[in-house]
Amino acid sequence: MMTVLEITKAVSSGAKTAEQITRESLAKIAELNPQINAFVEVFEADALAQAQAVDAKRARGEKLGALAGVPVAIKDNILYKGHKATCCSKMLENYVASYTSTVVEKLLAADAVIVGRTNMDEFAMGSTNQTSVYGPVKNPVNTECVPGGSSGGSAAAVAAGMVPVALGTDTGGSVRQPAGFCGVVGIKPGYGRISRYGVIAFASSADQVGVLAANVADSAKVLEVLSGKDVHDSTSLEAPVPAYADLFTDGLKGVKVGLPKGFLDGLAEDIKQKMDEAAARLKELGAELVEVDVPHAKYAAPCYYIITSAEASSNLGRYDGIRYGYADNAAKDLNAYYEGSRAPFGLEVKKRLIIGTYALTSQRYEECFVKAMKVRELIREDFKKAFEKVDVLLTPTSPTTAFKLGQHDEDPLSLYLADLYTCQGNIGGLAGVSVPFGKDAKGLPIGVQFYGPILKEEKILNAAYNLEKGL
């Protein structure tokens, strides 16, 4: 599959038509998806109509959008009017979106072509893409392994070359962790940079739309299109959106890269070696390496699971069979109705709803939820102080590479720790990007991650771009 920049150049010059490129993408999906299960629905007719409209626009001599003719996949929790959005859950199996999310509207305005919706962990809860009602996604690098989650379908679609770019959502690492597992680039911008309007909520204070692409330059291009203030989302921020790729530099002279203390402890040896190599490479590029301390970051994972589970308990309370979701119309009384109407939730979702509801009870609210919110502020303050000394932070994306399907099904703690390094960014409100940096002894991709301050995505993209160039 051509890159985003190659496609836009080919379409604008007339070297290829948008329809040709779309048909190539659809053919690749038809060939590979039966083995990988990255897509749960393909919008073939709509996609071809959109591509033909782009070609007609060019034929009329009109100016084309920034993503003209680029096939894009969207995660199954992002609304697109007239199309299903099920969160890969039986709870929403028949839901058809009544309006279009802001991110999809921006893609369409930029002349991108929406080719389908991708598989995900149910309601974005999971790190492996095994909790989907449509079945697990398989990692294209090794189909015996998980692709990561919850945006595993989007990551796998890009890694397999079905599409050059896909949208995911990132609540605790759900764009960056699967990007690391599948060997693609995944970026989560700072909270508020991209509108969440039309994205089905998991945990509102941490949810973010992110971009998965084959390289950093493509990620930067799509991020630029998606970013900006949205009147429909009060949490979106009013701030200028730079042309990110124009800010890329040749080398990193004058850039200070922070190495957080203790972040390499307990890593798989192959990943630790690649982290050391990445740090050395950044130094060769002119960066100054600075050790920094973020002492409360080690509490990010438990803090994340308490806060997000509590918010999920609130957000998913609407799926009661009366307001939204599946309705058990065969129930004989109200209690049976509620019980039956909530039954379609999968096991992982139920676990988190129970944890979240427990944390919000009057007996545990102060002890659990309020304390977690206080720890969140300590973590944010730690990162704020770190960024007073450095421009970006270098961390692992995940403590391991992709593991076998089903390997940790009986060990939920191991699954939760897969988000150890990524959930810090959501708790801290940071911008983060995972970039591929070699493979382990088994040939599985290793991702390294850059963190940067909110609304400073250009810093992490530039660091990732320079690191990527040396591969």
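Biologist: What makes strand 9 and strand 11 a pair, and in which sense do these strands run?

Modeller: In this predicted model, four bridges join strand 9 (residues 392-396) to strand 11, and the two strands run antiparallel. Two strands pair if there are at least two bridges between them, so the four bridges found here satisfy the criterion. Within this pairing, P396 has V448 of strand 11 as its bridge partner, while T395 stands opposite Q449 of strand 11.

Biologist: Which strand is joined to strand 9 by parallel bridges, and how many bridges are there?

Modeller: Strand 7 (residues 256-260) is joined to strand 9 by two bridges, and the strands run parallel. Since the criterion asks for at least two, the two bridges are enough for strand 7 and strand 9 to be called a pair. One residue position in this pairing is given by G258, which stands opposite L393 in strand 9.

Biologist: How many bridges join strand 10 to strand 11, and what makes the connection between them notable in its backbone angles?

Modeller: Strand 10 (residues 431-439) pairs with strand 11 in the antiparallel sense over seven bridges, with A431 standing opposite G452 of strand 11. The hairpin formed by strand 10 and strand 11 has five residues between the strands, and in this hairpin G443 takes a positive phi near 85 degrees.

Biologist: Why is strand 11 described as largely enclosed by the rest of the structure?

Modeller: A residue is called buried when its relative accessible area is under 20%, and eight of the eight residues of strand 11 (residues 445-452) are buried, so the strand is largely enclosed by the rest of the structure. In a regular strand the side chains alternate between the two faces of the sheet. Both faces of strand 11 are covered, with P445, G447, Q449 and Y451 buried on one side and I446, V448, F450 and G452 buried on the other.

Biologist: How do you know that strand 9 is mostly covered, and which residues lie on each face?

Modeller: Five of the five residues of strand 9 are buried. On one side these are V392, L394 and P396, and on the other they are L393 and T395, which leaves both faces covered.

Biologist: Which residues touch the most other members of the largest nonpolar core, and what does F450 touch?

Modeller: The largest nonpolar core has 136 residues, of which F123, L167 and F450 touch the most other members. The largest share of this core, eight residues, comes from helix 9. With residues up to four places away in sequence set aside, the residues touched by F450 include L282, V392, L394, A431, V433, I460 and L467. A second, separate core has seven residues, among them V146, F181, A402 and F403.

Biologist: How do you know that the buried residues of helix 11 line one face of the helix?

Modeller: The buried residues of helix 11 are E348, V349, R352, L353, G356 and A359. Seen down the axis of helix 11, these buried residues fall within an arc of 130 degrees, so they line one face of the helix. On the other side of helix 11, L347 and I354 are exposed. Among the elements that cover the buried residues are helix 9 (300-315), helix 10 (334-342), helix 12 (365-386) and helix 13 (412-417).

Biologist: Why does the span of helix 15 agree with what is expected at 1.5 Å a residue?

Modeller: The expected span is 1.5 Å times one less than the number of residues; for the 13 residues of helix 15 (residues 457-469) it is 18 Å, and because the end C-alpha atoms are 18 Å apart, the two values agree. The buried residues of helix 15, including E457, I460, A464 and L467, pack against strand 5 (185-188), helix 7, helix 8 (269-284), strand 9, strand 10 and strand 11.

Biologist: Why is N215 assigned to its accessibility class, buried or exposed, and where is N215 placed?

Modeller: The relative accessibility of N215 is 16%, and because buried means under 20%, N215 counts as buried. N215 is in the loop between strand 6 (209-213) and helix 7 (216-226). The side chain of N215 reaches the backbone nitrogen of A217 at 3.2 Å, and, leaving aside neighbours within four places in sequence, N215 is in contact with T3, V185 and E468.

Biologist: What are the accessibility values of S219 and A15, and to which class does each residue belong?

Modeller: S219, in helix 7, has a relative accessible area of 0% and is therefore buried. Not counting residues up to four places away in sequence, S219 touches V185, I187, V211 and A213. A15, in the loop between helix 1 (4-13) and helix 2 (18-36), has a relative accessibility of 58%, and because exposed means over 50%, A15 counts as exposed.

Technical notes: Residues are numbered from 1 along each chain as its sequence is written. This is a predicted model: local features need pLDDT of at least 70, side-chain atom pairs count only at pLDDT 80 or more; totals for chains, interfaces and linings use all residues. Side-chain values use heavy atoms; hydrogens and water are left out. Buried means under 20% relative accessible area, exposed over 50%, partly exposed in between (1.4 Å probe, protein chains only). A polar contact is a pair of N or O atoms within 3.5 Å; within protein, one must be able to donate a hydrogen and the other to accept it, and residues adjacent in sequence count only if both atoms are side-chain atoms. Contact means heavy atoms within 4.5 Å. The arc is that of the directions from the helix axis to the C-beta atoms. A nonpolar core is a set of buried Ala, Val, Leu, Ile, Met, Phe, Trp, Tyr and Cys residues joined through side-chain atoms within 4.5 Å.
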